[in-house]
Amino acid sequence: MKLFLDTADIEEIRQAADLGVIDGVTTNPTLIAKEKKDFKSVIRKICEIIDGPVSAEVTSTTSQEMVDEAYTLSKIHENVVIKIPLTKDGLVAASKLAEKEVPVNMTLIFSPNQALLACKAGARYVSPFVGRLDDIGHDGVLIASQCQDIINTYDFDAEVIAASIRHPMHVFHCAQEGVDIATVPFKVLMQMMKHPLTDNGLEQFMRDWKSAQS
Ligand code: E4P
């Protein structure tokens, strides 16, 4: 399973990169806005730190504008993946970009049928929003898993990115279901490595070691 980091915070990305477990980064307009910095320079910086796909989302809503924006964003770095919302215009834009081999991550996916359409349009990644589905009483992990089943069954050249991850159990359950990728906020990444028995065990080892030295 690949792990992406879901943030535009450069310091978080640097820290996560040092762990050697991050395969890519996803951003969205909300995460970019939080940084209060120039969009393109943030994306460029991320690409310099992480050697993997970096999703940058379009902010226009018509297909032609999305395509134009995509070409501008693609020029930032060869690893940029264009994030496009699953709307009618989004599908038109994704199809046009796929024809030109521009990698697309279709976002704001909340159903397996939306994922199927994204794959048919040639998207390289499909991003079901697990946490936001849970918020409205649906089973986000199940829907991510159903999206994955469709890709596996028809052998689409696409990967599922489980997005809107809120806690470590989301990651674990997606991993159990065979979901290709989870994109995790920095906080969740930190929570994934923590276990009280690891901390207690280390404390005990250090105590015993020191007392043997004295
Ligand atoms: C990533 O691709 C998504 O934009 C992000 O995971 C959404 O997360 P949220 O539902 O916590 O805003």
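How much space lies in the largest pocket? The largest pocket of this predicted model holds about 290 Å³ of space, and the views described below begin with the whole chain and return to that pocket at the end.

**Figure 1. Overview of the chain in the predicted model.** The chain is built from 11 helices and 8 strands, and its C-alpha trace spans about 75 × 35 × 30 Å along the principal axes. Of the 214 residues in the chain, 46% are buried. When contacts with a separation of 6 or more are considered, 56% of them are made by residues 24 or more positions apart.

**Figure 2. Close-up of helix 3 and the elements packed against its buried residues.** Helix 3 runs through residues 39-49, and its buried residues are Val42, Ile43, Ile46 and Cys47. These four lie on the same side of helix 3, because they cover an arc of only 135° around the axis. Packed against the buried residues of helix 3 are two other helices, helix 1 (10-19) and helix 2 (29-35), together with strand 2 (24-26), strand 3 (54-57) and strand 4 (80-85).

**Figure 3. Close-up of cysteine 47 in helix 3.** Cysteine 47 has a relative accessible area of 6%, which means that this residue counts as buried. Leaving out residues up to four places away in sequence, cysteine 47 touches Val54, His77 and Val80. Although cysteine 47 and valine 80 are 33 residues apart along the chain, a distance of 7.6 Å separates their C-alpha atoms.

**Figure 4. Close-up of valine 54 in strand 3.** Valine 54 is counted as buried because its relative accessibility is 0%. Once neighbours within four places in sequence are set aside, the residues in contact with valine 54 are Val25, Ile43, Ile46, Cys47, Asn79, Val80 and Val81; of these, Ile43, Ile46 and Cys47 also appear among the buried residues of helix 3. Aspartate 68, by contrast, is 14 residues from valine 54 along the chain, and the C-alpha atoms of the two are separated by 18 Å.

**Figure 5. Close-up of asparagine 79 in the loop between helix 4 (63-74) and strand 4.** With a relative accessible area of 18%, asparagine 79 is buried, because the limit for a buried residue is under 20%. Not counting residues up to four places away in sequence, asparagine 79 touches Ile50, Asp51, Gly52, Pro53 and Val54. Leucine 108 lies 29 residues from asparagine 79 in sequence, and from C-alpha to C-alpha the two are 21 Å apart in space.

**Figure 6. Close-up of helix 6, with its buried and exposed residues.** In helix 6, which covers residues 112-120, the residues Ala115, Ala118 and Cys119 are buried. Seen down the axis of helix 6, these buried residues fall within an arc of 100°, and therefore they line one face of the helix. Asn113 and Lys120, on the other side of helix 6, are exposed. The elements that cover the buried residues of helix 6 include helix 5 (88-99), strand 5 (104-109), strand 6 (125-128) and helix 8. Helix 6 is followed by glycine 122, a residue with a positive phi near 100°.

**Figure 7. Close-up of the nonpolar cores and of valine 184.** The largest nonpolar core has 60 residues, and Ile82, Ile84, Met106 and Val184 are those with the most contacts inside it. Helix 8 (residues 140-154) contributes the largest share of this core, with 5 residues. A second, separate core of 5 residues includes Val81, Tyr125, Ile161 and Ile181. Valine 184, apart from residues up to four places away in sequence, touches Leu3, Phe4, Leu5, Asp6, Ile165, Val171 and Leu189.

**Figure 8. Close-up of the largest pocket and its lining.** Empty space of this kind is shown by rolling a probe the size of a water molecule over the atoms. The largest pocket, with about 290 Å³ of space, is lined by 16 residues, among which Asp6, Asn28, Leu31, Arg132 and Ser164 lie nearest its centre. The lining of the largest pocket divides into 5 nonpolar, 7 polar and 4 charged residues. Asp6, one of the residues nearest the centre of the pocket, is also touched by valine 184.

Note on methods:
Residues are numbered from 1 along each chain as its sequence is written. This is a predicted model: local features need pLDDT of at least 70, side-chain atom pairs count only at pLDDT 80 or more; totals for chains, interfaces and linings use all residues. Side-chain values use heavy atoms; hydrogens and water are left out. Buried means under 20% relative accessible area, exposed over 50%, partly exposed in between (1.4 Å probe, protein chains only). The arc is that of the directions from the helix axis to the C-beta atoms. Contact means heavy atoms within 4.5 Å. On a 1 Å grid over the protein atoms alone, a cavity is a set of points where a 1.4 Å probe fits but cannot get out, and a pocket is an open set with protein on both sides within 12 Å along at least five of seven lines; lining residues have an atom within 4 Å of a point. Grid points are joined across faces, edges and corners, and a volume is the space filled by probe spheres set on the points. Ala, Val, Leu, Ile, Met, Phe, Trp, Tyr, Cys and Pro count as nonpolar, Asp, Glu, Lys and Arg as charged, and the others, Gly among them, as polar. A nonpolar core is a set of buried Ala, Val, Leu, Ile, Met, Phe, Trp, Tyr and Cys residues joined through side-chain atoms within 4.5 Å.
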